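These exercises are meant to be worked with the sequence and the 3D model open. Try each task before reading its solution.

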Amino acid sequence: MVNQLYPYTVKFTEETSTARPAGEESKSSKRPYQMSEDPAKKVSTSHTDHHRITDGSPPLKKTPAACSDKSESASHWSQGLKVSMQDPQMQLYKDDRVVVIKDKYPKARYHWLVLPWESISSLKVLRSEHCDLLKHMQRVGERMVQQCPDAHKLRFRLGYHAIPSMSHVHLHVISQEFDSPCLKNKKHWNSFTTDYFIESEDVVAMLELHGKVTVKEGMSELLKLPLRCHVCRKEQPTIPKLKEHLKAHIS
């Protein structure tokens with residue numbers, strides 16, 4: 001069989017309704033040798049069928065490696081700003097140099113992000129030639145505050161996180177009442193109310209004087225500090241207690 005490479009033969013017998021001796025029945029019931037399929041293909045097929053049966057989901061579509069890598073990179077949460085800044089529904093203002101978007105998880109009633117179209121990953125790569133761009137970002141942020149309907153009764157700050165969690169430089173424009181359900185933990189609070197939040201003017205000044213932005217050592221430790229009211233500096237035990245306390249300052 002198979003070009004005489006294997007010492008097997010195939011024998012066909014005609015089924016009859018006549019009863020046969022037990023020995024013959026046992027002998028004829030033996031199945032001839034069959035070459036197995038490619039093991040890799042067999043495993044792959046059974047694996048796909050298993051998932052389709054157990055969870056009801058359709059079989060996964062294969063994509064080229066290059067497209068897959070690009071998709072994974074773009075979809076990673078730290079790259080989210082690059083996607084949001086291109087979304088017309090997120091954009092509040094744009095010109096040829098910057099775009100303003102709503103923060104997807106605002107930590108106050110008004111929380112906007114000013115981003116340059118130019119690809120700048122972080123504060124560390126900023127140089128003196130970026131001074132004019134950052135000044136423009138600040139002017140756009142100030143214009144957003146001026147156009148805010150509650151600007152007359154709320155205070156705002158414009159600044160950058162010392163060690164941002166999101167890739168691509170972005171200027172926070174945030175109102176200081178911090179009235180938002182998205183403000184949930186100590187890290188959120190301290191990232192906006194300690195020296196972890198660097199004023200926009202200070203960043204510009206560093207670039208003008210030193211040609212780069214220097215972030216002090218141990219900045220990440222500031223996120224672990226006790227919860228303190230940013231107005232009266234009174235310490236609060238929990239975020240719910242802090243929010244309740246803040247209502248007195250808001251009123």
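The exercises below start with the whole chain and then go to single elements, residues and spaces.

**Exercise 1. The chain as a whole**

Task: State how many helices and strands the chain has, and in which order they come.

Solution.
- Step 1. The model is a predicted one.
- Step 2. Its secondary structure comes to eight helices and six strands.
- Step 3. Along the sequence the order is α-α-α-α-β-β-β-α-β-β-α-β-α-α.
- Step 4. The chain has 251 residues, and 35% of them are buried.
- Step 5. Take the contacts between residues at least 6 apart in sequence: 60% of these join residues at least 24 apart.

**Exercise 2. Helix H6**

Task: Find the buried residues of helix H6 and the elements they pack against.

Solution.
- Step 1. Helix H6 covers residues 186-193, and its buried residues are Trp189, Asn190, Ser191, Phe192 and Thr193.
- Step 2. These buried residues pack against strands S3 (111-116), S4 (156-161), S5 (171-175) and S6 (197-199), and against helix H8 (239-250).
- Step 3. At the N-terminal end, H6 is capped by Asn185, which has a side-chain oxygen 3.1 Å from the backbone nitrogen of Lys187.

**Exercise 3. Ser191**

Task: Decide whether Ser191 is buried or exposed, and find the partner of its side chain.

Solution.
- Step 1. Ser191 belongs to helix H6.
- Step 2. Its relative accessible area is 7%. Buried means under 20%, so Ser191 is buried.
- Step 3. A polar atom of the Ser191 side chain lies 2.8 Å from the backbone oxygen of His188.
- Step 4. Leaving out neighbours within four places in sequence, Ser191 contacts His161, Tyr196, Phe197 and Leu223.

**Exercise 4. The largest nonpolar core**

Task: Which two residues touch the most other members of the largest nonpolar core, and which element gives the most to this core?

Solution.
- Step 1. The core has 33 residues; Trp112 and Met137 touch the most other members.
- Step 2. At least two residues each come from S2, S3, helix H5 (131-147), S4, S5 and helix H7 (200-210).
- Step 3. H5 gives the most, with seven residues.
- Step 4. Another core lies apart from this one; it has 12 residues, among them Ala108, Leu183, Trp189 and Ile239.
- Step 5. Not counting residues up to four places away in sequence, Met137 touches Val98, Val114, Leu115, Pro116, Tyr160, Val169 and Leu171.

**Exercise 5. Val145**

Task: Place Val145 in its element and list its contacts beyond four places in sequence.

Solution.
- Step 1. Val145 sits in helix H5.
- Step 2. With a relative accessible area of 15%, against a limit of 20%, Val145 counts as buried.
- Step 3. Beyond neighbours within four places in sequence, its contacts are Trp112, Ala151, Phe156, Leu158 and Val173.
- Step 4. Ser175 is 30 residues from Val145 along the chain, and the two C-alpha atoms are 8.8 Å apart.

**Exercise 6. Positive phi values**

Task: Check phi for His168 and for Phe178, and locate each residue.

Solution.
- Step 1. Most residues other than glycine have a negative phi.
- Step 2. His168 has a positive phi, near 95°. His168 is in the loop between S4 and S5, and is buried at 4% relative accessibility.
- Step 3. Phe178 also has a positive phi, of about 50°. Phe178 is in the loop between S5 and H6, and is buried at 2% relative accessibility.

**Exercise 7. Pocket and cavity**

Task: Give the volume and the lining of the largest pocket, then of the largest cavity.

Solution.
- Step 1. The volume of the largest pocket is about 740 Å³.
- Step 2. It is lined by 28 residues, of which Asp103, Tyr105, Lys107, Ser165 and Met166 are the closest to its centre.
- Step 3. Helix H4 (80-84), strand S2 (98-102), S3 and H6 each supply at least two lining residues.
- Step 4. By class, the pocket lining has 13 nonpolar, nine polar and six charged residues.
- Step 5. There is one cavity of 30 Å³ or more. The largest cavity holds about 40 Å³ of space.
- Step 6. The lining of the largest cavity is Ser122, Leu123, Tyr160, His161, Pro164, Val169 and His170.
- Step 7. By class, the cavity lining has four nonpolar, three polar and no charged residues.

Technical notes. Residues are numbered from 1 along each chain as its sequence is written. This is a predicted model: local features need pLDDT of at least 70, side-chain atom pairs count only at pLDDT 80 or more; totals for chains, interfaces and linings use all residues. Side-chain values use heavy atoms; hydrogens and water are left out. Buried means under 20% relative accessible area, exposed over 50%, partly exposed in between (1.4 Å probe, protein chains only). Contact means heavy atoms within 4.5 Å. A polar contact is a pair of N or O atoms within 3.5 Å; within protein, one must be able to donate a hydrogen and the other to accept it, and residues adjacent in sequence count only if both atoms are side-chain atoms. On a 1 Å grid over the protein atoms alone, a cavity is a set of points where a 1.4 Å probe fits but cannot get out, and a pocket is an open set with protein on both sides within 12 Å along at least five of seven lines; lining residues have an atom within 4 Å of a point. Grid points are joined across faces, edges and corners, and a volume is the space filled by probe spheres set on the points. Ala, Val, Leu, Ile, Met, Phe, Trp, Tyr, Cys and Pro count as nonpolar, Asp, Glu, Lys and Arg as charged, and the others, Gly among them, as polar. A nonpolar core is a set of buried Ala, Val, Leu, Ile, Met, Phe, Trp, Tyr and Cys residues joined through side-chain atoms within 4.5 Å.
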